[in-house]
Amino acid sequence: MPAHATKPPTAHVKGKSASRNGQSSGRPPTQIRGRAAPALIFGDLWEFDPAPETADPKLKSRYELFINGEFVPPKSGKYFDSINPANERKLAEIASGGASDVDAAYEAAARAFEAWGRMPGRERGKYLYRVARLLQDRAREFAVAETMDNGKPIRETRDFDVPMCAAHFFYHGGWADKLEYVAPGRKAAPLGVVGQVIPWNFPLLMLAWKLAPALAMGNCAVLKPASNTCITALKLAEIFQDAGLPPGVVNIVTGPGSTGGLIMAHPTASKIAFTGSTDVGKVIMRSVAGGDKRMTMELGGKAANIVFDDAPIDQAVEGIVNGIFFNQGQVCCAGSRLLVHEPVAVAVIAKLRNRLRVLRVGDPLDKNTDVGAIVSQAQLDTIREYLKIGVEEGAEMWQPPCRLPSKGYFLPPTLFTGVTQSHRIAREEIFGPVLSILTFRTVDEAIEKANNTAYGLSAGVWTDKGSRILKMSTELKAGVVWANTFNKFDPTSPFGGYKESGFGREGGRQGLLDYAKLI
Amino acid sequence: MPAFAYPSAFRRLFDEIGTVDAVGIEERVAKYATRSIKKGSKLSGLKLAVSMVDLTTLEGKDTPGKIASLCCKALHPHEDADVPSVAAVCVYPSMVRHAKKHVAGTPVRVASVATAFPSGQTHFRTRLAEVRGAAADGADEIDMVINRGAFLAGEFARVQDEISAVREACGGAALKVILEVSELETYDAIRAASFLAMSVLREGDFIKTSTGKTSLNATLGNNQVMIDAIRDHYLDTGVAIGMKPAGGIRGAKQALHFLVAVKETLGDAWLVNRRYRFGASALLNDLLRQIEKEKTGAYQAPYYFSDAAESY
Amino acid sequence: MTRLPITKTPKVYVGGAFIRSESARTFPIKDASGAFFANIPQCTRKDLRNAVEAAAKAGPGWARRTPYNRAQILYRLGEMLESRAAEMADAIALGGSRDAAAREVAAAVDRLIYYAGWADKYEAVLGSVNPVSAPYFNFTVAEPMGIVGVIAPSDAPLLGLVSLVAPVITSGNTVVALASESSPYPAVVLGEMLATSDLPGGVVNLLTGFHRELVPTFATHAHLRAISAVANAEERKILALGAVEIVKRTHFAKAEEGQDWFSDGAQSLYAIRNFVEFKTTWHPIGA
């Protein structure tokens with residue numbers, strides 16, 4: 001016993017008020033011991049200099065269609081501009097493919113299928129491995145190109161998009177000669193030619209998600225990138241050539257949305273795959289209804305990110321931020337609704353605000369940028385419209401102070417508090433860096449609110465209790481449940497939605513089955 | 001009867017303070033390592049880091065001569081007048097008088113380890129006496145070690161009471177409380193120990209990661225856990241406690257990542273040596289090397305800097 | 001005068017380094033024409049002991065690598081072998097017919113690629129979530145065993161060795177392997193490719209020498225968790241008896257029957273399955 005001790009034994013940790021994680025459960029104190037409430041200063045004391053990535057993206061001024069292993073001009077002779085959303089400048093001209101180009105592509109694919117579908121899996125896999133390795137060689141070049149075309153930060157393209165794209169090709173290369181293990185009791189055979197349309201939010205990665213399993217299974221493909229973001233797809237076509245991929249196995253037809261419709265409806269396609277908004281997905285499904293095409297759809301979401309009072313709070317805050325501000329919130333599985341347990345709501349929101357104050361919004365090519373540009377003017381307008389709606393509906397909007405670039409499609413990360421399930425900003429997919437914050441009192445209420453949506457793509461659960469994680473995982477109607485993490489992806493992990501978020505899975509053994517005929 | 005006497009006391013401590021997800025922490029700090037600090041911001045960051053160094057020698061073979069050399073380096077790390085002096089020299093209690101001779105009256109403070117550093121495994125009265133002795137010899141700061149055995153056995157009141165007693169024995173000297181993160185092992189325990197200490201510390205005191213005498217010292221991960229705790233404590237009570245990662249920071253680049261962590265977690269008010277220190281020895285020369293490189297544009301050899309160990 | 005080439009001194013690849021036997025003994029091998037070719041290290045049980053220590057040191061790190069990382073490393077090993085296929089064919093042929101040797105090298109490369117492709121997939125096929133009839137989440141995972149002893153066949157000195165080693169390391173085990181007794185030289189060259197492949201030192205350790213001197217120690221070394229061997233009847237008996245003491249897992253192919261290493265049947269998921277342990281975990285489901 002310390003010799004000097006005269007005070008009575010302590011009954012609790014001295015000096016610690018009945019609070020959690022630095023915040024009282026009620027309103028934050030405006031005064032402590034007569035002084036103004038403590039606040040953190042996130043200012044310019046040590047401001048970072050610009051740190052631009054300087055690798056050359058090796059862009060061409062004009063990109064042609066990739067059909068039958070060659071770059072060919074579109075029959076229409078028309079081109080459209082690709083814009084860099086960070087500075088609104090033109091990057092390149094992109095071929096505008098139409099009906100006859102789509103026909104030519106499908107013809108090439110069908111011809112190539114004769115050999116490709118019968119090639120021993122061991123050899124087919126080697127092409128996919130080559131693509132992965134060649135992409136790894138040119139990783140930085142592709143990362144810069146992707147950042148310039150989409151507006152997402154170079155740190156993300158460099159550390160996530162491009163490596164993950166290579167990983168998908170590498171992973172699926174290894175399945176090509178192991179197909180007898182994919183479908184117990186059946187032989188997995190290719191379907192033939194598949195038609196694929198991908199979105200603009202992860203241009204290179206979405207292409208890998210579509211092509212890698214299709215090719216591993218022995219199919220040939222006709223694929224259309226989103227018209228906003230065609231460049232890395234056509235750069236990857238150069239790698240297909242360098243890898244010696246037989247002509248016609250992959251055909252890339254760029255063009256407007258209508259060209260995507262032609263690809264989806266084409267009679268030669270045995271199967272179609274679409275990733276995009278639920279609305280467009282429904283248009284496609286209507287157009288092929290009554291036919292024989294197999295299809296998979298990966299559509300929209302309005303995921304609930306659920307934080308319980310026993311969660312590791314700082315990590316939950318990080319997960320919330322990753323969930324909605326990663327890729328500027330332009331992610332189908334974004335955690336766009338925060339459902340926070342009432343006892344910790346004030347603390348979580350206060351910490352969230354402090355975290356947002358150090359997010360760096362700006363030039364996507366700067367290595368220190370956390371939040372880049374929105375992909376297009378149209379998308380920016382849509383998001384701004386939702387900000388207006390949110391305010392009109394009575395929710396409270398908060399944005400951290402931000403110095404936005406004068407040009408380009410930028411938006412500060414945005415929080416809405418006081419949101420309920422009836423608000424449009426809690427029901428409709430905004431597809432931007434906007435978080436709607438709701439509260440709940442019990443586990444059952446969290447489940448009800450999380451499932452109270454037409455969507456069902458993903459969900460997040462933050463709690464220290466293992467049994468609760470498993471209960472939530474059991475009850476949540478979502479195709480992907482992230483516990484104590486968010487936005488984690490892996491080629492081995494199947495991804496896809498419930499309900500109006502679509503059907504079919506991508507990744508893992510489950511994903512391969514969607515590209516197989518089971519005999 | 002103190003609540004801690006019951007086994008449930010451990011749970012109750014964690015309930016109040018919250019748990020830490022290790023994978024989540026590693027992901028957060030990995031982002032600091034991607035920050036690219038260039039040009040003017042790099043130079044200012046490096047100089048800031050120099051001003052935060054507690055230049056350390058804690059060896060059985062320390063002598064007054066070694067202390068003299070250390071103090072000289074501490075006062076004038078580089079012939080360039082632009083480069084600041086370090087924050088403090090950190091020495092064993094027997095060397096405090098010698099250090100004081102060289103740096104008294106300068107901005108460089110004398111920090112003394114005490115409390116049977118590094119293990120702390122002697123009677124508490126001995127540990128306290130050592131603190132008083134170092135303070136009497138003129139130490140401006142005392143670096144103590146917490147009682148890890150008691151902590152891991154769940155005797156939290158005892159751990160905290162010992163810190164309080166040392167705090168009193170320091171008198172006017174500032175106190176740095178070494179948690180010895182390698183022995184606490186989990187991030188949960190490090191967070192709990194941080195709050196345990198901070199609750200009895202004053203503004204101007206610090207919590208510190210390690211003695212530097214085990215194989216695992218300061219990392220971005222344990223630094224983050226501790227500065228998260230400091231932030232929470234500050235927002236709750238208004239008391240600003242300082243942070244000192246010690247040991248394991250070999251290079252300037254790493255040191256800058258630690259400063260990014262501070263910038264993004266605690267903010268500008270902690271980017272001063274009143275509130276942040278680096279416990280280091282070899283780090284100083286790497287900071288100087290990088291400062292020189294920023295100025296001249298040329299990569300430097302290690303042996304151009306005084307007291308460098310490398311000769312190759 | 002024609003230029004005199006520098007001859008290579010064969011050493012064995014153990015713990016990421018190239019060493020002679022601690023006994024300093026060697027035995028000579030001849031080339032296809034019967035002329036002296038080189039002296040091969042005659043490894044002892046102490047060399048085996050040292051190799052097991054190296055494998056033990058490398059084990060935790062190798063097992064903790066992500067499956068994708070292990071896949072990439074095995075693939076790179078394939079890249080190394082492919083890029084030096086001609087040299088390896090020479091090492092097999094030793095002046096004799098190169099066609100058969102070249103075929104063996106190509107098959108060995110493909111086998112490495114095959115197992116590389118399993119590294120991030122076998123878990124999904126071998127593991128399971130088990131639908132127990134109680135409110136528990138119950139899942140089974142496959143884990144590596146530890147250090148595995150491999151005894152390669154006499155014939156197919158490269159392909160046989162690779163066919164035994166690759167499925168063992170793909171799941172995170174480490175290996176101490178005894179090369180073909182009659183044709184040890186390809187294992188020497190394989191060591192050089194392992195060394196340039198990003199495979200951490202100690203994951204695969206290759207010994208050369210004589211069965212009669214080393215099999216008994218493979219049999220009784222308590223730190224070897226499993227044995228994968230092409231062995232004759234007498235050797236199988238020795239290995240099986242030795243295994244009893246620590247309940248070592250043993251998997252044999254009968255040397256006297258001969259194996260067709262070129263067939264697709266010589267590679268499968270089940271070669272991996274033989275060297276993993278299954279762990280099942282239960283956790284309640286509830287609020």
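**Figure 1. Packing around helix 14 of chain A in the predicted model.** The buried residues of helix 14 of chain A pack against elements of chain A and chain C. From chain A come strand 14 (304-307), helix 13 (443-451), strand 19 (458-462) and strand 20 (480-483). From chain C come strand 6 (136-144) and strand 12 (276-284). Helix 14 itself covers residues 466-475. Its buried residues are A:S467, A:R468, A:I469, A:L470, A:K471 and A:M472. This is a predicted model.

**Figure 2. Contacts between chains.** There are 2 pairs of chains that touch, and chains A and B make the most contacts. Chain B and chain C share no contact. Their closest C-alpha atoms are 15 Å apart.

**Figure 3. Helix 4 of chain A crosses helix 2 of chain C.** Helix 4 of chain A spans residues 154-173, and helix 2 of chain C spans residues 67-83. The two axes come within 12 Å. They cross at roughly 65°, so helix 4 of chain A and helix 2 of chain C are roughly perpendicular to each other. The crossing of these helices is left-handed. On the chain A side, the residues are A:P163, A:A166, A:A167 and A:F170. They meet C:Y68, C:A71, C:Q72 and C:Y75 of chain C. By class, this contact between the helices has 7 nonpolar residues, 1 polar residue and no charged residues.

**Figure 4. Cysteines of chain A outside disulfides.** Over all chains, the count of disulfides is 0. A:C230 is in no disulfide. The nearest cysteine sulfur to A:C230 belongs to A:C165 and is 15 Å away. A:C230 is buried, at 1% relative accessibility. A:C333 is in no disulfide either. For A:C333, the nearest cysteine sulfur is that of A:C332, at 4.6 Å. A disulfide needs the two sulfur atoms within 2.5 Å. A:C333 is also buried, with a relative accessible area of 1%.

**Figure 5. A cis peptide bond in chain B.** The bond from B:F117 to B:P118 is cis. Its omega is near 0°. B:P118 sits in a loop of chain B. That loop runs between strand 3 (109-113) and helix 6 (124-136).

**Figure 6. Positive phi at A:Q328 and A:N487.** A:Q328 is not a glycine, yet its phi is positive, at about 60°. A:Q328 belongs to the loop between helix 9 (313-325) and strand 15 (337-341) of chain A. Its relative accessible area is 0%, and A:Q328 is buried. A:N487 is not a glycine and has a positive phi of about 50°. The loop that holds A:N487 lies between strand 20 and strand 21 (502-503) of chain A. A:N487 is buried, with a relative accessible area of 8%.

**Figure 7. Surroundings of C:L214.** C:L214 is part of helix 8 of chain C, residues 211-220. C:L214 counts as buried, at 0% relative accessibility. In sequence, C:L214 and C:L48 are 166 residues apart. In space, their C-alpha atoms are 7.8 Å apart. Neighbours within four places in sequence are left aside in the contact list for C:L214. The contacts of C:L214 then include C:C43, C:T44, C:R45 and C:L48. Also in contact with C:L214 are C:L178, C:T208 and C:G209.

Key
Residues numbered from 1 in each chain as written. Chains lettered and ligands numbered in written order. Predicted model: local features only at pLDDT ≥ 70, side-chain atom pairs only at ≥ 80, totals over all residues. Heavy atoms only, no water. Buried < 20%, exposed > 50% of the residue type's maximum accessible area, 1.4 Å probe, protein only. Helix = DSSP H or I, 4+ residues; strand = E, 2+ residues; numbered from the N terminus. Contact = heavy atoms within 4.5 Å. Axes fitted to C-alpha atoms, helices over the stretch in contact; angles between N-to-C directions. Parallel < 35°, antiparallel > 145°, perpendicular 65-115°, else oblique. Left-handed = near helix turned anticlockwise from the far one by under 90°. Nonpolar A, V, L, I, M, F, W, Y, C, P; charged D, E, K, R; others polar.
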